[in-house]
Amino acid sequence: MSNRILMTGVGAYLPEKIITNYDLAQWVDTSDEWIKQRTGIAQRHMVADGELTSDLAINAANEALNHAGVAASDIDLIVVATTTPDDTFPSTATKVQHKLGANKAFAFDVQAVCAGFVYALSVAESMMIAQKATKALVIGAESFTKLLDWNDRGTCVLFGDGAGAVVLEAEEAPDNFGILASSLHSDGAYRDILYVDGGPSVNGEVGHVRMEGQDVFRHAVDKLASVMQEVLDQAGISADEVDWLVPHQANIRIINGMQRKFGLSSERVVRTVDKHANTSAASIPLALSQAVHDGRIQPGDLLALEAIGGGLAWGGALVRFGRP
Ligand code: ACO
């Protein structure tokens, strides 16, 4: 037994509006067949006018708090991973804190694009180990469709909006429970293969996503495989002990590549990319929430999480889910 960082609740929220590949094919030169074959995506959710990233985050957070049986007033840390904050400042996290009534929490955003959730999880874990907080909300929330150039078929078909959240609690528990390992990496040399062509200091604009898809793809499988091996080694666990791979949902071919590389059976991989597309920092907690609430993931199951995105920034984590 020792002081462990347990993942005790999960929640998610998707905006009501659904855009199918067939809808997109009416606006840009693409087809359901192309998108499904290259990415596995069939549809994505999209925020309504006036619906903000913070609104998605708050809905997901409330579900996670209910699931954990924790009151917002008991939360002392909120980390929101987002690339699409409501405002340039203040942080989306402080808005979420206020609207949840989490009055004793300190709150801030983390920006690591598609790797944002894994980054936020690791940051929260580190602060909890350092005893800066005992109960935390880690949220991934994105209105990513706001960054899309709807004339660029190479990117606009890939992304969607949504949010997911987890509750972390520092508690005495067996050493093999909670967050067992995490690892983060970045390499700014690859900035130009995935970026947004705008920003407060560059031109005062929000900008649009620009991507060299094949280059990103090439980095994805290698870097994800290496960070996953790293967290397995850190924890002294072999891949066949992993109950669930809950990967970032960018492309079914990347996900299947990881499954094959680690010799996992297909049923042990959570896949939501067909319904959600790539929701950036929200994709892992959205997938996690779905698999927990439909009963696939049970307390005590060992989860492997991994993600890569703009930066490049990537990371992985191993978590034994729930309370002992
Ligand atoms: N519909 C129809 N045709 C298209 C579309 C589209 N939406 N987009 C591109 N094409 C065309 C291209 O113009 C090209 O045509 P050409 O041969 O006449 O020039 C052809 O399809 C092939 O294009 P490629 O870019 O070579 O297609 P590829 O097989 O590499 O698939 C994709 C593109 C899906 C973007 C892939 O490279 C990929 O998934 N990369 C990973 C990027 C990613 O997931 N980014 C998300 C953020 S980072 C992350 O989360 C990991």
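I take helices here as DSSP runs of H or I with at least four residues, numbered from the N terminus. The model I am reading is a predicted one.

**Entry 1. The shell around the ligand**

I started with the ligand. Which helices each supply at least two residues of the shell around it? I found helix H2 (32-39), helix H6 (153-156) and helix H7 (213-235). I then asked which gives the most. H7 does, with four residues.

I looked up the domains next. Domain 1 (2-173) and domain 2 (178-320) each give the shell at least three residues. Both domains therefore count as near the ligand in the sense of a heavy atom within 4 Å.

I sorted the shell by class. There are 11 nonpolar residues, eight polar ones and four charged ones.

**Entry 2. Closest residues and polar contacts**

How many residues lie around the ligand, and which come nearest? I count 23 around the ligand, and the nearest are Thr-30, Arg-38, Gln-214, His-248 and Asn-251.

I checked side chains against oxygen atoms of the ligand. For Gln-214, a polar side-chain atom lies 2.5 Å from a ligand oxygen. For Asn-251, an N or O atom of the side chain is 2.6 Å from a ligand oxygen. Trp-34 also has a polar side-chain atom by a ligand oxygen, at 3.3 Å. I used a cut-off of 3.5 Å between N or O atoms for a polar contact, so these three pairs qualify.

How much of the ligand does the protein bury? Taken alone, the ligand exposes 1,000 Å², and the protein buries 74% of that. I also looked at the space the ligand takes. That space is the second largest pocket.

**Entry 3. Backbone oddities**

I turned to the backbone. Most residues other than glycine have a negative phi, and most peptide bonds are trans. I searched for exceptions.

Where are the cis peptide bonds I noted? One joins Phe-89 and Pro-90, with omega about -5°. Pro-90 sits in the loop between strand S4 (77-81) and helix H4 (92-100). Another joins Gly-311 and Leu-312, with omega about -10°. I placed Leu-312 in the loop between strand S12 (302-309) and strand S13 (313-320).

Last, I checked phi. Val-113 is not a glycine, yet its phi is positive, about 50°. I found Val-113 in the loop that runs between strand S5 (106-110) and helix H5 (116-129).

Conventions. Residues numbered from 1 in each chain as written. Predicted model: local features only at pLDDT ≥ 70, side-chain atom pairs only at ≥ 80, totals over all residues. Heavy atoms only, no water. Polar contact = N/O pair within 3.5 Å; in protein donor to acceptor, adjacent residues only side chain to side chain. Areas by Shrake-Rupley, 256 points an atom, 1.4 Å probe, with all protein chains shown as cover. 1 Å grid on protein atoms, 1.4 Å probe; cavity = no way out; pocket = protein on both sides within 12 Å on 5 of 7 lines; lining within 4 Å. Sits in = over half its atoms within 2 Å of the grid points. Nonpolar A, V, L, I, M, F, W, Y, C, P; charged D, E, K, R; others polar. Domains from an automatic or database assignment.
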